[in-house]
Protein chains: 2
Amino acid sequence: MGDRRDVRARILDTAYELFCRHGIRSVGIDRIVAESGVAKMSLYRHFASKADLVLAVLDLREERWTRDWLEAEIARLATTPADRLLAIFDAFDEWFHHDDFESCVFMRTLLEFDDSADPIHRAAVRQLEVIRKKIEAHAEQAGAQEPENTAYQLQGLLMGAIVSATRGDLAAARRARAVAELVIDNATSSAAA
Amino acid sequence: MGDRRDVRARILDTAYELFCRHGIRSVGIDRIVAESGVAKMSLYRHFASKADLVLAVLDLREERWTRDWLEAEIARLATTPADRLLAIFDAFDEWFHHDDFESCVFMRTLLEFDDSADPIHRAAVRQLEVIRKKIEAHAEQAGAQEPENTAYQLQGLLMGAIVSATRGDLAAARRARAVAELVIDNATSSAAA
DNA sequence: GCAGACGCATACAGATCTGTCTCTTTGACG
DNA sequence: CGTCAAAGAGACAGATCTGTATGCGTCTGC
């Protein structure tokens, strides 16, 4: 096999898929080993522990989902700053309609690890903050009066929509988008008053 | 001990506390047995399996939280139908500020059990629907044009706020309340237009 | 070619988990 | 008091989990 050099990548890819789809605790090391076609000792050579692997997967999720996918979708779907905020909801609508919609691993992990001192819990919190900061930057560019507050509100809408989509509501993003319009109008128009 | 007759209640109480606080998978039967001071065989005499106990806890949560607590708070905090919708957010604000805020076991369970055919997953979905139906009834009484849509939107706000509170945002309910005002105004005032 | 690192395979340790079995004790009721 | 069902206590089975140890093949750099 020529993939001698990217054993670490194979492990990480498999763990990424499994953790994102099924959560952390319900996926065992043995399953990751089996599905990645790798020796268990190779996994523990590259990652000190399961927790270490989880943290690596959360970072990879930031790279692939938050940075590469979400930002690209926002840029693709909208041009003006105000449209960009709404485009997040359009992107989520597409996401929810994917056949293999896997829900949000950050929220899943946050709820699964309830100890706020746990590094895994903290990593999930941090990843949600990364997303909120991106929303806040867009809100600022769109002229929101209180970008931080608006970002909190919009992210709340997004997270609620994810839970709704996870229980099978495919219209969740569109419904949330309608609310987001009200929020954005209110946050930007109060300047004119 | 005089609590010979309510062994089942002691088990259920302990499981309720532990499952609601820490989730399902991270709480083992042994811990429930130890903390309820009951013999393991007594637990399995009253509940066929752990899954059975989980379903009983979800039902108990509906009774205690959804029916007894939430409805009572709504009635206590508001009198008019429109105020009642907003009172949900006020109740959540108090809930989030409890020292022992335990997050939402329905959402936690929904995300923890990703198989939509699993009875536990389905029970969590059903419990969230029960809550949405209650919101819908209040929305109808408040004169919303599309009570179902409004209920979906308000519940999305509530669920997003819960995630936010779980990551430590104590202002989540107040922020969501401000958005809810926009939603309710929009849903009820479009009749006048 | 050869040393050493890397990967595969697999057995294993030790913990934990669900669920069962057995034995003893206790309490309710006739 | 005697009976019987329920509860307590704890060992146990079997599965699964994380993590380690070992032995063997293979590729790479020198």
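1. Surface near DNA strand C. In this predicted model, 17 residues lie around DNA strand C, and A:Val7, A:Ala39, B:Gly28, B:Ile29 and B:Lys50 come nearest. A residue is near a strand if its C-beta atom, placed from the backbone, lies within 6 Å of it. At least two residues each are supplied by α3 of chain A and by α2 (29-36) and α3 of chain B. Helices (H or I, at least four residues) are DSSP runs, numbered from the N terminus. α3(A) gives the largest share, 4 residues. By class, this surface has 7 nonpolar, 3 polar and 7 charged residues. Here Ala, Val, Leu, Ile, Met, Phe, Trp, Tyr, Cys and Pro count as nonpolar, Asp, Glu, Lys and Arg as charged, and the others, Gly among them, as polar.

2. Surface near DNA strand D. Again there are 17 residues around the strand; A:Gly28, A:Ile29, A:Ser49, A:Lys50 and B:Ala39 come nearest. Two or more residues come from each of α2 (29-36) and α3 (40-46) of chain A, and from α3 (40-46) of chain B. α3(B) gives the most, with 4 residues. The classes are 7 nonpolar, 3 polar and 7 charged.

3. Relation of the two chains. A turn of 180° and a shift of 0.0 Å along the axis lay chain B on chain A, with an RMSD of 0.0 Å. That is the relation of a two-fold axis. The superposition is by least squares on the C-alpha atoms of residues with pLDDT of at least 70 in both copies. In chain B, the C-alpha nearest the axis belongs to B:Gly160, 1.9 Å from it. Both copies use the same surface: 100% of the contact residues of chain B recur in chain A. Contact means C-beta atoms, placed from the backbone, within 7 Å.

4. Helix pair in chain B. The axes of α6 (residues 105-112) and α7 (residues 119-141) of chain B come within 8 Å and cross at roughly 145°. Axes are lines fitted to C-alpha atoms, for helices over the stretch in contact; angles run from 0 to 180 degrees between N-to-C directions. B:Phe106, B:Thr109 and B:Leu110 of α6(B) meet residues of α7(B), including B:Ile120, B:Ala124 and B:Leu128. The residues of this contact divide into 6 nonpolar, 3 polar and no charged.

5. Conventions. Residues are numbered from 1 along each chain as its sequence is written, and chains are lettered from A and ligands numbered from 1 in the order in which they are written. As this is a predicted model, local features need pLDDT of at least 70 and side-chain atom pairs count only at pLDDT 80 or more, while totals for chains, interfaces and linings use all residues.

Technical notes:
Contact = placed C-beta atoms within 7 Å.
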